[in-house]
Structures are given as structure tokens and as C-alpha cells.
Amino acid sequence: MASGEGTPEERRVDAHQLAARVADPLTAVIFALAAGALGLLLRNRAAAFAAVVVFVALFYALWATAPQLARVGALPPTFAAWLPNLFFLLVAGVLAWRLR
């Protein structure tokens, strides 16, 4: 990255991988906040479990799609790396507000 060599696509991929190394470790904390708030909001255990399974599927879809969007230039690489975390942080905030 420092040399500036490579195609623009390779530079976007490298920038995304660098940002993902910072964003990915925080994923567990943010996901736990969102899933915990959802679990506290839903009283039925089966519904809470199903909602968390939907959370996992939605997170995986965002997490798997964002690098491709960064690679083709549809999203900035750093934003693409943080997109799943930001989305679930927003969801956790909304759910925590609903618990209040």
C-alpha cells in the first residue's frame, strides 16, 4: 500500500483488508449488544432464538457482500469494512431505546 503500486482494485482490496483487521475484532462485542437487547426485548424464547438466527444470517450477508462492494468501488473500503458493525450498532441502539 505504501508504494502505491498495483491496480486501483488491488489498492481497494488492500485498504479493505487493513480496515477489516480493526473492525472484525469488535464484531463480537457489537453483535452481543444487539443480540442481547433483542433477547431482552422478546419474552418468548423461541421467537428470541429465531430472531437471533435472522440476525446471524443478516450479519453474514452484510459481512460477505461488503468486501465485494469495496473491491468494485461501490463503497469506500474503510466504510465497507465497518458497515456490518455500524449497522448492528445502530440496531442495538434502537433495541436498547425500545427496552427503556
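The following exercises, each with a worked solution, concern the helices, aromatic rings and nonpolar core of a predicted model.

Residues are numbered from 1 along each chain as its sequence is written, and side-chain values use heavy atoms, with hydrogens and water left out. Because the model is predicted, local features need pLDDT of at least 70 and side-chain atom pairs count only at pLDDT 80 or more, while totals for chains, interfaces and linings use all residues.

**Exercise 1. Packing of the helices**

Determine how H1, H2 and H3 are oriented towards one another.

Solution.

Step 1. Helices are DSSP runs (H or I, at least four residues), numbered from the N terminus. Helix H1 comprises residues 8–41, H2 residues 45–72 and H3 residues 77–99.

Step 2. Axes are lines fitted to C-alpha atoms, for helices over the stretch in contact, and angles between N-to-C directions run from 0 to 180 degrees. H1 and H3 pack at about 15 degrees with their axes 7 Å apart. For H1 and H2 the angle is about 170 degrees and the axes are 10 Å apart. For H2 and H3 the angle is about 155 degrees and the axes are 7 Å apart.

Step 3. Angles under 35 degrees count as roughly parallel, over 145 as roughly antiparallel, 65 to 115 as roughly perpendicular and the rest as oblique. H1 and H3 are therefore roughly parallel. H1 is roughly antiparallel to H2, and H2 and H3 are likewise roughly antiparallel to each other.

Step 4. A crossing is left-handed if the near helix is turned anticlockwise from the far one by less than a right angle, and right-handed if clockwise. The crossing of H1 and H3 is left-handed, whereas H1 passes H2 in a right-handed crossing and H2 passes H3 in a right-handed one.

**Exercise 2. Aromatic pairs**

Which geometry does the pair of Phe 55 and Phe 88 have, and which parts does the pair tie together?

Solution.

Step 1. Rings of Phe, Tyr and Trp (its six-membered ring) pair if their centres lie within 6.5 Å; planes under 30 degrees apart count as stacked, over 60 as edge-to-face and the rest as tilted. The structure holds 7 such aromatic pairs.

Step 2. The ring centres of Phe 55 and Phe 88 are 5.2 Å apart and the planes stand at 80 degrees, so the pair is edge-to-face.

Step 3. Phe 55 lies in H2 and Phe 88 in H3, so the pair ties together parts that are 33 residues apart in sequence.

Step 4. Phe 87 and Phe 88 also form an edge-to-face pair, with centres 5.4 Å apart and planes at 85 degrees. Ring pairs link Phe 31, Phe 55, Phe 59, Phe 87 and Phe 88 into a cluster.

**Exercise 3. Burial and the core**

Is Phe 88 buried or exposed, and which elements give two or more residues to the largest nonpolar core?

Solution.

Step 1. Buried means under 20% relative accessible area, exposed over 50%, partly exposed in between (1.4 Å probe, protein chains only). Phe 88, at 1%, is buried, whereas Phe 87, at 33%, is partly exposed.

Step 2. A nonpolar core is a set of buried Ala, Val, Leu, Ile, Met, Phe, Trp, Tyr and Cys residues joined through side-chain atoms within 4.5 Å. The largest has 13 residues, of which Phe 31, Ala 34, Leu 38, Phe 55, Phe 88 and Leu 95 touch the most other members.

Step 3. H1, H2 and H3 are the elements that give two or more residues to this core. Its largest share, 6 residues, comes from H1.
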